[in-house]
Amino acid sequence: MDKPEPSSSQIIDSAAAKKRGIWGSKLGFIFAAAGSAIGLGNIWRFPTEAANNGGAAFLLIYIACVLFIGMPVMLAELTLGRHTRKDPVGAIRSVVPRGLWWLAGALGVITGLAILSYYSVVAGWTLGYVVKTVSHTFTPQVDPAKLFGAFAGSWWQEILYHAIFMALCVLVVIGGVKAGIERWSKILMPTLLVVLLLLVVRSVTLPGASSGLSFYLSPDFSKINMKVVVAALGQAFFSLSLGMGAMITYGSYLSKKDNLVTSAAWVSGADSAIAILAGLMVLPALALAGIQPGVDQGGAGLIFAVLPRVFSQMPWQPYGGIIFGAAFFILLALAALTSAVSLLEVVTAYLVDEKGWKRRRATTLVGAVSFAIGIPSALSLGAVGWLSSMVSLQGKEIGFLDLMDKLFGKLSLTFGSLLICLIVAWAWGSDKARKEVQNGNPRFVLGGLWVFLLKYVCPVAIMTILVYLVVDPSVIR
Ligand code: PHE
C-alpha cells in the first residue's frame, strides 16, 4: 500500500519540531500551558485579592472577566504563536511588519523579567515553609502571622530561598521545551488538585468557617466598584498568564492539528477551578487566624499567616499537620516552578530567536538578572525599612514587592492584553486569525463570537479601565 502523502501542515510541523521543538502530544501541551497558568497566581494571589476586594463580589466579576476577556485573549495569543512559530517580538513583527507594534512584544519580554523577579521571591517563601513545616515549627501555640513576619524580615533567608528557586528555574529551562516542562506538569497538576480538595474539606469545616464562607460565596453587590473590577481583571490576566506573550510562546510549539479553542478552554477552566478552590481553602480559615474577612489586610503574606492554622487542625496531629503542610508547600513550589519557567521561557525564547543567543547562555543570564532585580523585593517585607514603604496610596503603605506586582503583574499585563487584542483583531486581521484557528478546528462554531469579543468588547472594556486608572490611580491599591 502507498504511504499517504504528508499534508503541508505535517511538513511544516516536522520542520518546526526539528528546529525549535514541539509538544509531545496535545495533552502534553495542555498540561504545560496549565502548568504556566496554575501557580502562585491561583493560590497566593487570588485568595489575597478576593479577601481585599469584597469576597463574593470579586469572585463574580473575576469569573466574568475570565469568560469574556481572558479566554478570548488566550485564544488570540495561542493563535498568533502557532501561526508564526516565534517568540512574542518575532511573532508580532511577522504578522505586522510595519509600525511599532513589535514594541508590545518587547513590553512583554520586560514584563516577564520583572514578574519573574518577585515571583521567585514568593516561591522562595514556599520553599522556606517546606523546611519550617517539616521541622514542626507550626504548633497550635505559635502565631503564624508573627512567624511570617520574622521569616520575611530575615534578609539572609529571603535571599537564600529566592536564589534557590531561581536556580531551579534556570535548570529546568536549560533542559528545553519537552523534557523540561511537560514531564513535571503531568504528575504535578493532578496531585495538587487532590491535596487542595482535602484541605478545602478541612477548611470549610473549621470552627468559625461560616463567616468566611458567606463572605466568599454570597455576593454583596454594593461592594462592586472600580477597585474590584481593576483587581479582578488584572488577576484574570495574571492567573491565565496573559498579556506578556507566555501563551504566544507556548502556542508557537503547538501543531497545526491541535484544536486551539478546546485547548484555551481546558487551560482557563482548570486554572479558574484551582483558583476558586484556593479561595475556598483560605477564606473560611481567616476567622481561625484572627483575621476579619472584608477588612483590608493587604499583605503579600496572607496565605502564609493563615494556612499553618489549617494544617494544625488536620487529624492525627502533629503528623497530619506536617504531612499536609509539607505536601502542600512542596506542590505549591512545583506549581510555581512550572509558571516561573514560562516567564523565563518568554525572555529566553526572545534572546534565542531574535538575537541568536545560545539557549544555555540566554537562560543563565536572564536568571541572574532577574535574581538581582528581585533582591529589593526580597528585602521589602521587613528586612529593609524603606523598601517596605515605597509609596503611600490613600494611607496604605506599599512596599517594593507590592509595587512591582501592581506595576507589572496588574498594569502591564492589562495594557499588554489590550495590545494583543488590537494586534490580532485589527492590525493582523480577524479573518486571518480565524483561518489560523480553523487549522485543527475547521468548523470553529464560536468564531463569530470570538471575533466580536476580541474586536470590540475586550478593547473597549480594557481601555475603559486603563483610562479610569489614569484618572484615579488609587483604584490600583
Ligand atoms: N499565571 C501564573 C500564575 O498564576 C503567573 C504567570 C503570569 C506566568 C504571567 C506567566 C505569565 O502563577
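**Exercise 1. Place the ligand.**
Task: Find where the ligand sits in this predicted model, and how much of its own accessible area the protein covers.

Solution.
Step 1. Locate the site. The ligand sits in the largest cavity.
Step 2. List the polar contacts. A ligand nitrogen lies 3.3 Å from a polar backbone atom of Ser 36. Another entry pairs a ligand nitrogen with a polar backbone atom of Ser 239, at 3.1 Å. An oxygen atom of the ligand is 2.4 Å from an N or O atom in the Tyr 119 side chain.
Step 3. Check the cover. On its own, the ligand has 330 Å² of accessible area, and the protein covers 100% of it.

**Exercise 2. Describe the shell.**
Task: State how many residues surround the ligand, which helices supply at least two of them each, and how the shell divides by residue class.

Solution.
Step 1. Count. The ligand is surrounded by 14 residues. The closest are Ala 37, Gly 41, Tyr 119, Phe 238 and Ser 241.
Step 2. Assign helices. At least two shell residues come from each of α2 (26–37), α3 (40–52), α11 (226–239) and α15 (319–355).
Step 3. Sort by class. Six shell residues are nonpolar, eight are polar and none is charged.

**Exercise 3. Check the backbone.**
Task: Which peptide bond is cis, and where is its proline? Then treat the positive phi values of Ser 241 and Phe 444.

Solution.
Step 1. Take omega. The bond from Gln 317 to Pro 318 is cis, with omega near -5 degrees. Pro 318 belongs to the loop between α14 (302–311) and α15.
Step 2. Take Ser 241. Its phi is near 60 degrees, a positive value in a residue other than glycine. The residue lies in the loop between α11 and α12 (246–251). Its relative accessible area is 11%, so Ser 241 is buried. Ser 241 is also among the residues closest to the ligand.
Step 3. Take Phe 444. Here phi is near 40 degrees, again positive in a residue other than glycine. The loop between α18 (400–438) and α19 (447–471) holds Phe 444. Relative accessibility is 3%, so Phe 444 counts as buried.

**Exercise 4. Classify Asp 87.**
Task: Is Asp 87 buried or exposed? Give its place in the chain and a polar partner of its side chain.

Solution.
Step 1. Place the residue. Asp 87 is in the loop between α4 (56–84) and α5 (88–95).
Step 2. Apply the cut-off. Buried means under 20% relative accessible area. Asp 87 has 0%, so Asp 87 is buried.
Step 3. Find the partner. A polar atom of the Asp 87 side chain lies 3.1 Å from the backbone nitrogen of Val 89.

**Exercise 5. Set sequence separation beside distance.**
Task: For Tyr 456 with Lys 355, and for Arg 360 with Val 173, give the separation along the chain and between C-alpha atoms. Classify Tyr 456 and Arg 360 by accessibility.

Solution.
Step 1. Tyr 456 and Lys 355 are 101 residues apart along the chain, and their C-alpha atoms are 35 Å apart.
Step 2. Tyr 456 is in helix α19. Its relative accessibility is 41%, so Tyr 456 counts as partly exposed.
Step 3. Arg 360 and Val 173 are 187 residues apart along the chain, with C-alpha atoms separated by 8.5 Å.
Step 4. Arg 360 is in helix α16 (residues 359–378). Exposed means over 50%. Arg 360 has a relative accessible area of 58%, so Arg 360 is exposed.

Technical notes. Residues are numbered from 1 along each chain as its sequence is written. This is a predicted model: local features need pLDDT of at least 70, side-chain atom pairs count only at pLDDT 80 or more; totals for chains, interfaces and linings use all residues. Side-chain values use heavy atoms; hydrogens and water are left out. A residue is near a molecule or strand if one of its heavy atoms lies within 4 Å of it. A polar contact is a pair of N or O atoms within 3.5 Å; within protein, one must be able to donate a hydrogen and the other to accept it, and residues adjacent in sequence count only if both atoms are side-chain atoms. Accessible areas come from the Shrake-Rupley method with a 1.4 Å probe; for residues, only the protein chains shown count as cover. On a 1 Å grid over the protein atoms alone, a cavity is a set of points where a 1.4 Å probe fits but cannot get out, and a pocket is an open set with protein on both sides within 12 Å along at least five of seven lines; lining residues have an atom within 4 Å of a point. A molecule sits in a cavity or pocket if more than half of its atoms lie within 2 Å of its grid points. Helices (H or I, at least four residues) and strands (E, at least two) are DSSP runs, numbered from the N terminus. Ala, Val, Leu, Ile, Met, Phe, Trp, Tyr, Cys and Pro count as nonpolar, Asp, Glu, Lys and Arg as charged, and the others, Gly among them, as polar. Buried means under 20% relative accessible area, exposed over 50%, partly exposed in between (1.4 Å probe, protein chains only).
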